Structure formats: C-alpha cells, structure tokens
Amino acid sequence: MTEPGPDVKKKTEEEDVECEDDLILACQPESSLKALDFDISETRTEVEVEELPPIDHGIPITDRRSTFQAHLAPVVCPKQVKMVLSKLYENKKIASATHNIYAYRIYCEDKQTFLQDCEDDGETAAGGRLLHLMEILNVKNVMVVVSRWYGGILLGPDRFKHINNCARNILVEKNYTNSPEESSKSLGKNKKVRKDKKKNEH
C-alpha cells in the first residue's frame, strides 16, 4: 500500500515541472516577438517621419519682369522642412531665384501648440507676412516656399501682395484652407468695397 503513494507524488511533481517549463517556453517567444514588433514599429515611424514629402508647385505670377512661384509640401517635423528645402535647391532654377521665402506651421498634438517659423531670404519682412497669412488661414502641417526671380524693376509693396497671393492660391488649391473662413473673408472684402462706394457718393 505504501509503494503506490510515492509513485503518484513523483508523477504529479514531474507533471507540474513539465507544465511550468511549457509555460516559460510559451511566454518567452511571445514577449520577444512583441519586443521585436515594437522596435520595428518605432523605426518604421521614424523612417516615415523622415521621408521626403511630396512637393507641389503653383502657377507662377509675373509682374514687370519679376516672377513669383509658390511650392507647397506637407510637413510634420523640422527635419522634413530641411529636406524639402534641400530638394527644392536641387532644381537649378529655384536655386538661382533672387529670394526663396518660406514659412511653415506644424501642429504638436501632445502639447496642442504650433511649431512655426519663417525665412525672408533677403526679402525684408516677406517671411513674417507669409507666416501671418498661414496663421489667418489656420493651416497646419504644411510648408510654403515662394520663389521670386527679380526682373530689374522695383515693385514696392506689390511684391508682398504677389508673394501672399501665390501662397494663398496653392493652399486653397490643395485644400489646406477652411472654406467657411474663406467665405467670411470675401464677405468682409465686399463690405469694405460698399463702404468705399458710399464715401465716393457723398
């Protein structure tokens, strides 16, 4: 009677040990796979973020031999801004422009703030005006570069109008602007025109 007792105990102990081994073996590959997947996904996102975004080119505006052309690219980090600029400068025509004015706005969701900056590239105050336009239009995660080829005739304040018109046209064309804001602005412009007409009448 005493002999079967220890045998049973031995069997149960062995079974328990086997079960534990199975559990350990089962857990290890899963956790290592998860860790690998996590690493891969992290590197993937980094690669995606650092990829060169597509660049669109607007229709040029020419006035008194000066030509203005806007270029637009979606950006989500400052590295992409540099990549877009270096890619644009590979084009000899853009590189030879008298000024390449740019501005960008990137929305940081974690901080709920905008990372934004601008560059005049020798055209005093043009970058600030371009960024101001982008703020008014409330665009995000986009960069606009306006190239100006100077034609020998000074345009005065008209140059800023052309720079912003180029930028606005490409932002509207690529659906970065909100249509209700655009319509309210056009209404505001109409009101101003009406006031001016009234003044002229009196």
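**Exercise 1.** In this predicted model, how many residues of strand 6 (residues 142–149) are buried, and what follows for the strand's setting?

Solution.
- Buried means under 20% relative accessible area.
- In strand 6, 8 of the 8 residues meet this condition, so the strand is largely enclosed by the rest of the structure.

**Exercise 2.** Which residues lie on each side of strand 6, and are they buried or exposed?

Solution.
- In a regular strand, side chains alternate between the two faces of the sheet.
- One side of strand 6 carries Val-142, Val-144, Val-146 and Arg-148.
- The other side carries Met-143, Val-145, Ser-147 and Trp-149.
- The residues on both sides are buried, and both faces are thus covered.

**Exercise 3.** In which sense do strand 3 and strand 4 pair with strand 6?

Solution.
- Strand 3 (residues 66–74) pairs with strand 6 in the antiparallel sense, over 8 bridges. Here Ala-73 stands opposite Met-143.
- Strand 4 (residues 99–108) also pairs with strand 6 in the antiparallel sense, over 7 bridges. Here Ser-147 is the bridge partner of Asn-100.

**Exercise 4.** Where around the axis of helix 4 do its buried residues lie, and what covers them?

Solution.
- Helix 4 spans residues 126–136, and its buried residues include Ala-126, Gly-127, Leu-130, Leu-131, Leu-133 and Met-134.
- Because these residues cover an arc of only 155 degrees around the axis, they are on the same side of helix 4.
- Their cover includes strand 4, strand 5 (113–119), strand 6 and helix 5 (158–173).

**Exercise 5.** What is the sign of phi at Asn-138, which follows helix 4?

Solution.
- The phi of Asn-138 is positive, near 55 degrees.

Key:
Residues are numbered from 1 along each chain as its sequence is written. This is a predicted model: local features need pLDDT of at least 70, side-chain atom pairs count only at pLDDT 80 or more; totals for chains, interfaces and linings use all residues. Side-chain values use heavy atoms; hydrogens and water are left out. Buried means under 20% relative accessible area, exposed over 50%, partly exposed in between (1.4 Å probe, protein chains only). Helices (H or I, at least four residues) and strands (E, at least two) are DSSP runs, numbered from the N terminus. Two strands pair if DSSP finds at least two bridges between them. The arc is that of the directions from the helix axis to the C-beta atoms. Contact means heavy atoms within 4.5 Å.
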